[in-house]
Amino acid sequence: MSLIQPFRGLRPAAGQASAIAAPPYDVLSSDEARTRAAGKPWSFLHISKPEIDLPRDTDPYAPEVYAKAAANLRKMLDADILVRDSAPCYYAYRLTMPGAIGESGEDHVQTGIVAAANVADYDSNRIRKHEFTRPDKEDDRVRQIEALNAQTGPVLLAYPTSATADALIDAIARGTPDSDVTADDGIRHQIWVLADPAAIAAITETFSAMKALYIADGHHRSAAASRVAAARHQQGRTNSADSFLAVIFPHHQMKILDYNRVVKDLRGLDAASLLQKLSGAFSVEASAQRVHPSRPGEFGMYLAGKWHRLSIKPALVPQDPVASLDVSLLSDHVLGPLLGIADLRRDKRIDFVGGIRGLAELEKRVDSGEMAVAFALHPTRMDQLMAVADSNEVMPPKSTWFEPKLADGLVSHVLD
């Protein structure tokens with residue numbers, strides 16, 4: 001099987017994309033999803049967050065939740081709200097994020113391809129990972145895939161530099177899109193269908209020549225797809241479960257925002273003592289303005305109502321692709337030794353704030369008294385992520401925040 005292949009996508013019927021498209025299942029709580037889906041009977045949240053259609057005290061991982069997702073999908077199919085393409089296709093997917101979102105000042109546009117990625121290449125690490133997964137979250141996705149007999153949450157992948165792939169994808173994304181939705185958050189999602197056999201063959205060949213693809217977001221979805229494929233092989237069932245739903249963008253177009261940290265207390269220190277201790281590893285400079293780090297190794301710190309710029313001393317930056325990440329430098333020189341936070345996954349004294357919320361959110365969390373200190377980080381770069389994956393290493397928790405997010409419901413992958 002090729003690294004990627006076309007597939008018969010399950011998509012909104014003509015004129016229904018706006019009614020169906022929904023945020024990814026894992027960015028909303030059940031209560032938030034219930035509010036977003038109110039008055040929207042065809043919202044894909046009824047499939048991706050089906051607990052919203054059950055009593056509020058329902059365990060979101062209970063069997064009846066997955067059964068409800070399947071029933072809701074059947075309802076949409078019976079009403080011809082979702083229809084399946086008659087032949088395998090590729091799909092261009094363009095995301096446009098207005099510059100007003102995230103305080104960037106300029107619109108961000110990225111154009112990729114929706115494809116079925118090969119599970120065997122994921123298993124062999126040709127589709128490369130950079131995060132650990134949690135068994136409970138994998139189990140949830142396995143149950144969801146099996147209940148629907150479909151993959152509805154796409155895995156976000158990146159491909160390395162390829163002018164040929166860029167040109168082939170751009171050639172699809174011309175003219176009137178087959179779906180065009182501007183979501184509640186202002187992000188525009190456009191889909192173009194490619195059914196031409198010669199163009200499909202050219203894309204398949206181009207991607208098959210690539211040394212690797214890289215998971216940006218969706219480690220649990222891809223791991224679950226691998227488990228479903230393995231289980232079906234054991235049952236003697238070999239079919240489209242051997243691939244998984246993916247949206248693949250050129251790595252140079254992908255946007256990673258800062259993933260910031262807020263900490264509840266100073267572990268018995270006062271502000272002056274913390275500043276003094278920080279001077280061992282950083283140059284520390286008070287700032288009258290918010291500090292949005294402009295380069296790797298630079299951090300903004302909001303403490304006692306004031307901003308400071310922290311710059312790591314160059315001799316302390318190692319060559320290792322993981323240890324040199326800003327998230328690692330902050331943990332190794334501040335969070336661990338000074339504030340006593342060793343386990344980012346479990347320590348309740350720390351929380352994480354996606355850069356889409358801006359630095360004002362950090363000030364709000366500290367000024368309210370909820371948190372004692374906030375740290376603004378420079379975003380992890382795609383080349384850093386790829387270097388970690390190429391080294392078969394994993395990144396620390398909460399290292400990347402990708403924007404804009406993909407929508408659920410615009411293209412799904414049925415397992416024949």
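Modeller: Two strands count as paired if DSSP finds at least two bridges between them. The strands (E, at least two residues) and helices (H or I, at least four) are DSSP runs, numbered from the N terminus. This is a predicted model, where local features need pLDDT of at least 70 and side-chain atom pairs count only at pLDDT 80 or more, while totals for chains, interfaces and linings use all residues. Residues are numbered from 1 along each chain as its sequence is written, and side-chain values use heavy atoms, with hydrogens and water left out.

Colleague: Let's try that definition out. What makes S15 and S17 (residues 306-312) a pair?

Modeller: Six bridges join S15 to S17, and the two run antiparallel. The definition asks for at least two, so they pair. You can look for Val 284, whose bridge partner in S17 is Leu 310.

Colleague: And which sheet do they belong to?

Modeller: An open, antiparallel sheet of six strands, in the order S15-S17-S16-S19-S14-S18.

Colleague: What makes S15 (282-287) and S18 (350-354) edge strands?

Modeller: Each has a single partner strand, so one side of each has no neighbour in the sheet. From one strand to the next, the twist averages 25°.

Colleague: Which helices lie against this sheet, and at what angles?

Modeller: Helix H10 (residues 271-278) touches S15, S16 (298-303) and S17, and its direction makes about 165° with that of S16. Helix H12 (residues 359-367) lies across S14 (259-263), S16, S17, S18 and S19 (373-377), running at about 165° to S19.

Colleague: What follows H12, and how do you know that Met 371 is buried?

Modeller: Met 371 sits in the loop between H12 and S19. Buried means under 20% relative accessible area (1.4 Å probe, protein chains only). Met 371 has 4%, so it qualifies as buried. Beyond its neighbours within four places in sequence, Met 371 is in contact (heavy atoms within 4.5 Å) with Val 262, Val 263, Lys 264, Asp 351, Arg 365 and Val 366. The C-alpha atoms of Met 371 and Arg 349 are 8.7 Å apart, with their positions 22 residues apart in sequence.

Colleague: Why is H11 (residues 326-335) described as largely enclosed by the rest of the structure?

Modeller: Because eight of its 10 residues are buried. These are Asp 326, Val 327, Ser 328, Leu 329, Leu 330, Ser 331, Val 334 and Leu 335.

Colleague: What makes you say that strand S4 (residues 90-97) is mostly covered?

Modeller: Eight of its eight residues are buried. In a regular strand the side chains alternate between the two faces of the sheet. In S4, Tyr 90, Ala 92, Arg 94 and Thr 96 are on one side and Tyr 91, Tyr 93, Leu 95 and Met 97 on the other, so both faces are covered by the cut-off for buried.

Colleague: Which strands pair with S4, and over how many bridges?

Modeller: S10 (residues 188-194) pairs with S4 in the antiparallel sense over seven bridges, with Tyr 91 partnered by Val 193 and Thr 96 by Arg 188. S5 (residues 108-118) is also antiparallel to S4, over seven bridges, and there Arg 94 has Thr 111 as its partner.

Colleague: Why is S10 called largely enclosed?

Modeller: Five of its seven residues are buried, so the rest of the structure largely encloses S10. S9 (residues 179-182) pairs with S10 in the antiparallel sense over four bridges, and Ser 179 stands opposite Ile 191. Together S9 and S10 form a hairpin with five residues between them, and Gly 186 in the turn has a positive phi of about 90°.

Colleague: On to the helix pairs. At what angle do H7 (residues 163-172) and H8 (residues 197-208) cross?

Modeller: Their axes (lines fitted to C-alpha atoms over the stretch in contact, with angles from 0 to 180 degrees between N-to-C directions) come within 10 Å and cross at roughly 150°. That makes H7 roughly antiparallel to H8, because angles over 145 degrees count as such.

Colleague: Which residues make that contact?

Modeller: Thr 164, Ala 165, Leu 168, Ile 169 and Ile 172 of H7, with Ala 202, Ile 203, Thr 206 and Phe 207 of H8. They divide into seven nonpolar, two polar and no charged.

Colleague: How do H4 (residues 63-78) and H6 (residues 135-148) pack, and what residues meet there?

Modeller: At an angle of about 35°, with axes 9 Å apart. Tyr 66, Ala 69, Ala 70 and Leu 73 in H4 meet Asp 140, Arg 143, Gln 144, Ala 147 and Leu 148 in H6.

Conventions:
Angles under 35 degrees count as roughly parallel, over 145 as roughly antiparallel, 65 to 115 as roughly perpendicular and the rest as oblique. Ala, Val, Leu, Ile, Met, Phe, Trp, Tyr, Cys and Pro count as nonpolar, Asp, Glu, Lys and Arg as charged, and the others, Gly among them, as polar. Buried means under 20% relative accessible area, exposed over 50%, partly exposed in between (1.4 Å probe, protein chains only).
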